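Here's a quick walk through this model, starting where protein meets DNA and finishing in the protein interior. Have the structure open as you read.

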2 protein chains.
Amino acid sequence: MTAALRSAALAVDDVGDLMSADVQLSVNSYDCVVLDRRLPERPDSVDTVDAVVALREWREKGREVPVLILSALDDERPGLLSGADDYVIKPFKVDVLILRVLNLVRRRGVGRSPVLRYDDLEMDTARREVRRAGVLLGLTAKEFAVLEYLLTRPEHVVTRTELIDACWDGDVPGSNTVDQTIRRLRRKLHGSQLIQTVPGHGYRLSRE
Amino acid sequence: MTAALRSAALAVDDVGDLMSADVQLSVNSYDCVVLDRRLPERPDSVDTVDAVVALREWREKGREVPVLILSALDDERPGLLSGADDYVIKPFKVDVLILRVLNLVRRRGVGRSPVLRYDDLEMDTARREVRRAGVLLGLTAKEFAVLEYLLTRPEHVVTRTELIDACWDGDVPGSNTVDQTIRRLRRKLHGSQLIQTVPGHGYRLSRE
DNA sequence: GACGAGATGACAGCTTGATGACAACGTCGG
DNA sequence: CCGACGTTGTCATCAAGCTGTCATCTCGTC
C-alpha cells in the first residue's frame with residue numbers, strides 16, 4: 001500500500017502501531033492519515049485496539065489532519081462518527097485508495113472562489129457577498145447585479161443603457177431607476193466616492 | 001445538445017466562449033466538461049482558438065474536471081494528449097455523446113468520497129445517512145438530494161433552477177416546491193441557520 | 001439667471017419567500 | 001383489496017422589504 005501511494009507521487013511515512021503514529025503526528029505535519037481500524041497499540045504488543053478510539057482522542061487534542069479509515073466489511077458503524085473524513089471498506093482496489101487520498105488532500109485547499117476586487121471592495125460572486133474593508137454589506141439583488149457589472153469594468157465609464165441591458169431583463173424601467181440603485185449602492189458604501197458620476201455619460205468605478 | 005443532455009437527467013450549464021467557461025469552472029464544481037475544439041475566446045470575439053490550448057492551461061492550474069472534446073474529423077491528433085479524458089469526432093449521434101458523458105461522470109464517481117461534511121453535518125452518500133452532531137436525521141429522498149447538492153457546493157449560492165436541474169428529473173415542479181423542500185430540511189435541521197436564503201438568488205449552505 | 005442632468009427623499013405596489021394546510025400519489029402491511 | 005402512512009407537489013395567505021416612480025432639490029454650465 002505504501003508503495004502504491006508512493007507511485008502516485010505521494011510522500012509516505014509508514015508506521016506499524018498507534019503510539020508511533022502519535023509520535024509522528026506530533027513531530028511532522030501531514031496532509032492526510034490513512035488509518036487501519038485494527039492496529040496494535042504499541043510496537044511490541046500483539047493484541048489490537050480500535051483505531052477509532054485513538055482517532056477520537058486525536059480530535060479532542062485538536063489534531064485536524066484529514067483521516068481516512070480502512071474498515072473491514074463486518075465492522076459495525078464506520079469511523080465517521082469519530083471524526084474520520086472518509087473510509088474505505090476492505091477489500092478495496094489500491095487505485096480507489098489512491099483516488100480517495102488525493103481527493104482528501106485536494107479538498108484541503110478548498111474555499112477558493114472567484115473574487116472581484118477593487119480598492120477595498122471585495123465581491124465574492126459565488127457566495128454572493130460583498131465586503132468593504134472586510135465589513136459585510138447587505139446588498140439587494142439589483143444592487144448586487146449593478147455593482148458586479150461595474151466591478152468587471154473598473155475605471156470604465158458605463159452608460160445607463162448598458163447597465164439596463166446587463167441587469168434588467170425585458171421590462172425597461174423608467175428614467176431614473178438606475179440612478180436610484182446607484183444611490184442606494186453609494187449609501188451602503190458609506191459615502192466613499194468609489195462610484196463616480198460622469199455627467200452626460202454614466203457612471204464609473206474609480207478611486208477619487 | 002444541451003437539451004439532449006438534460007433529457008438524460010444531467011444538469012447542464014451552457015456557455016459560448018472560453019472565458020465564460022473558465023469563470024463557470026471557478027464558480028461551480030462540475031462532474032464533466034464538454035468542450036468544442038474551436039471556440040471563441042471571449043463573449044464577443046469572432047475568431048476562434050483551439051480549446052486544447054485552454055485545456056492544457058486548466059490542467060496546469062490544477063483543474064481536474066473530466067473533459068470530453070468535440071473534435072472535427074480533419075483535426076490532427078485529438079485532444080487526448082493535452083489532458084482530455086475522452087473525445088468524440090464530429091459529426092456524431094447525440095446518443096453517443098450522452099453515453100460517453102455518462103461514462104465519464106460514472107468513472108469519476110468511483111473516486112469520489114462517500115462522505116460529505118459541513119460544520120456538524122455529516123452525509124454518508126453510500127449509506128444514505130445524514131447526521132447532525134452525530135444524531136441521525138430521517139430525510140426523505142428529495143430532502144436528501146437537495147442537501148447533497150448543497151453539500152457539494154458549500155458556501156456557494158445555489159439557485160432554484162439549479163436545484164431543480166439537479167434534483168428533479170423531467171417534470172418541472174411548480175414555483176415554490178423547492179422552497180417547501182428547503183423548509184422541511186430546515187425543520188429537520190432543528191432551527192439551525194445552516195441553510196440561508198439569499199434574496200433574489202437562491203439558497204446557500206453557510207455557518208452563522 | 002435659466003436650464004438640464006443628476007441627487008435626494010418619500011412612498012406605494014408588488015415581488016419574494018415563509019408558512020401552514022391539504023390533496024394526490026405510492027408504499028407497505030394486514 | 002383495503003386502509004394507514006409517509007412523501008411530495010400545489011395552493012392560499014401573510015409579512016417584509018425590494019424596486020420603480022414621482023416630486024423636489026442641487027449643482028454645474030452656458
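## Around the DNA

This is a predicted model. Around DNA strand C there are 17 residues, and A:Asp179, A:Arg183, A:Thr197, B:Asp179 and B:Thr197 come nearest. Helix H7 of chain A and H7 of chain B each put at least two residues into that surface, and H7(A) gives the most, with 5 residues.

DNA strand D has 25 residues around it, with A:Thr140, A:Gly174, B:Thr140, B:Ala141 and B:Gly174 coming nearest. Here helices H5 (141-152) and H7 (177-188) of chain A, plus H5 (141-152) and H7 (177-188) of chain B, each supply at least two residues.

Here's how the two surfaces divide up:

| Surface near | Nonpolar | Polar | Charged |
|---|---|---|---|
| DNA strand C | 4 residues | 8 residues | 5 residues |
| DNA strand D | 7 residues | 14 residues | 4 residues |

## Inside the protein

Now for the cores. In soluble globular proteins, nonpolar side chains tend to be buried together. The largest nonpolar core in this model has 18 residues, and the ones touching the most other members are A:Val34, A:Leu35, A:Leu55, A:Val67, A:Leu68 and A:Ile69. In chain A, strands E1 (33-36), E4 (67-72) and E5 (86-90) and helices H3 (51-61) and H4 (94-108) each chip in at least two residues of this core. Apart from it lies another core, of 17 residues, including B:Leu121, B:Val130, B:Leu163 and B:Leu185.

Want one residue to click on? Try A:Leu68: leaving out residues up to four places away in sequence, its contacts include A:Cys32, A:Val34, A:Tyr87, A:Val88, A:Arg100, A:Val101 and A:Leu104.

Note on methods: Residues are numbered from 1 along each chain as its sequence is written. Chains are lettered from A and ligands numbered from 1 in the order in which they are written. This is a predicted model: local features need pLDDT of at least 70, side-chain atom pairs count only at pLDDT 80 or more; totals for chains, interfaces and linings use all residues. A nonpolar core is a set of buried Ala, Val, Leu, Ile, Met, Phe, Trp, Tyr and Cys residues joined through C-beta atoms within 7 Å. A residue is buried if 20 or more other C-beta atoms lie within 10 Å of its own, exposed if 12 or fewer, and partly exposed in between; C-beta atoms are placed from the backbone. Helices (H or I, at least four residues) and strands (E, at least two) are DSSP runs, numbered from the N terminus. Two residues are in contact if their C-beta atoms, placed from the backbone, lie within 7 Å. A residue is near a molecule or strand if its C-beta atom, placed from the backbone, lies within 6 Å of it. Ala, Val, Leu, Ile, Met, Phe, Trp, Tyr, Cys and Pro count as nonpolar, Asp, Glu, Lys and Arg as charged, and the others, Gly among them, as polar.
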